[in-house]
Amino acid sequence: MSKLMLRLSTTGLILLQVFFPLNTWAQGNLLITPKRVVFEGNKRSMDLNLANIGDDTATYAISLIEIRMTPEGGFESITEPDEGQQFASPYLRYFPRAVTLGPNEAQTVKIQLIRSGGLALGEYRSHLYFRAVPKEKPLGEEEEVVSDPSSISVKLTPIFGITIPAIIRVGEATASVTLTDPEIRYENDTLPRLAVVFNRSGNYSVYGDLSVDHVSPQGTVTRVGIANGVAVYTPNTRRRFEFSLINTAGVDLKSGRLLINFSASSDVRPEKYAEAVLILSQ
């Protein structure tokens, strides 16, 4: 029996989904502002600005998808809500459903809240997904010729996508968060990373920026860590978070202490949500 040869070339599908919210979020050549869609109070519509910062014309298909957050902060696609989770997609309308943007061109996408009069108290969340549409091969362009008829050629075409949360909030917020179990870990025994656990309670997700300051035994304060756009989505009550520290040259991470603050993002009114202290000196 002859063996069947498999030939893998750059010819199928690779799907890259990005689920990290930032103030102005870009992946590939797509820039999206703002970072989140949140309906609360009397708000019934919201505009998103999409901009192509690349050199080529690009098309993006827009859809609503459902995801869950894992305790480690990762994301998984789902079709049914977890216990305590409610989807926002049945109550949202958006248009257009696709955009084509030339280089340095921008377009507005309008998001509207619909059929929300009878919603029960709580938070409803889905995610807007902006998926790059691959360019079709021009007519007349020759396909790759496979000389071995017993081989299979598979084409891998990268497709980039961005998701941003779309949230509906009904009723008064009772959400709160605490930071526990701070710990310094070393990657490859040299690169310092801070690990911390977010503990969320209440009826809403929490979202904000994390900052870390080192205070030396002499009282010198040095900013050694920043992580913007950290979220803990409902129904999760815990999230383990770890990120690399920066600007640690000349800073002794074996003495003094670290001040860890979680606060509202810079695009909203200043508010500290939680803080923790990690004592480094014995």
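Which residue forms a salt bridge with D213? The partner is R223. The views below come from a predicted model.

**View 1. R223 and D213 meet across two strands of a sheet.**
The closest N and O atoms of this salt bridge are 2.4 Å apart. R223 lies in strand 19, and D213 lies in strand 18 (residues 206-215), so the pair ties together parts that are 10 residues apart in sequence. R223 is partly exposed, with a relative accessible area of 37%. D213 is buried, because its relative accessibility of 11% falls under 20%.

**View 2. Four strands make an open sheet.**
The order is 19-18-21-22, and the pairing is antiparallel. Strand 19 (221-232) and strand 22 (272-279) are the edge strands. Each of these two pairs on one side only. From one strand to the next, the twist averages 15°.

**View 3. Strand 21 runs antiparallel to strand 22.**
Strand 21 covers residues 257-263. Seven bridges link strand 21 with strand 22. Which residue of strand 22 is the bridge partner of R257? The residue is I279.

**View 4. Three strands make a further open sheet.**
Here the order is 16-17-20, again with antiparallel pairing. Strand 16 (176-187) and strand 20 (238-244) form the edges, each pairing on one side only. The twist in this sheet averages 20° from one strand to the next.

**View 5. Strand 17 pairs with strand 16 and is mostly covered.**
Strand 16 and strand 17 run antiparallel and are joined by 10 bridges. V177 stands opposite R200 of strand 17. The hairpin of these two strands has three residues between the strands. In that hairpin, N188 takes a positive phi near 55°. How many of the 11 residues in strand 17 are buried? The count is nine.

**View 6. Strand 17 also pairs with strand 20.**
Strand 17 spans residues 191-201. Seven bridges join strand 17 to strand 20, and the two run antiparallel. V196 has F241 as its bridge partner in strand 20. V197 has R240 as its bridge partner in strand 20.

**View 7. R193 and E187 belong to a salt-bridge network.**
Side chains of opposite charge can pair when their charged atoms come close. The side chains of R193 and E187 meet in a salt bridge, at 3.8 Å from N to O. Is R193 buried or exposed? R193 is buried, because its relative accessible area of 19% is under 20%. E187 is partly exposed, at 35% relative accessibility. Salt bridges with shared partners join E183, R185, E187, R193 and E242 into one network.

**View 8. R68 and E76 form a salt bridge between their side chains.**
The N to O distance is 3.1 Å. Both partners count as partly exposed. R68 has 25% relative accessibility. E76 has 36%. How many salt bridges does the structure hold? The total is 11.

Technical notes. Residues numbered from 1 in each chain as written. Predicted model: local features only at pLDDT ≥ 70, side-chain atom pairs only at ≥ 80, totals over all residues. Heavy atoms only, no water. Pairing = 2+ DSSP bridges. Axes fitted to C-alpha atoms, helices over the stretch in contact; angles between N-to-C directions. Salt bridge = Lys/Arg side-chain N within 4 Å of Asp/Glu carboxyl O. Buried < 20%, exposed > 50% of the residue type's maximum accessible area, 1.4 Å probe, protein only.
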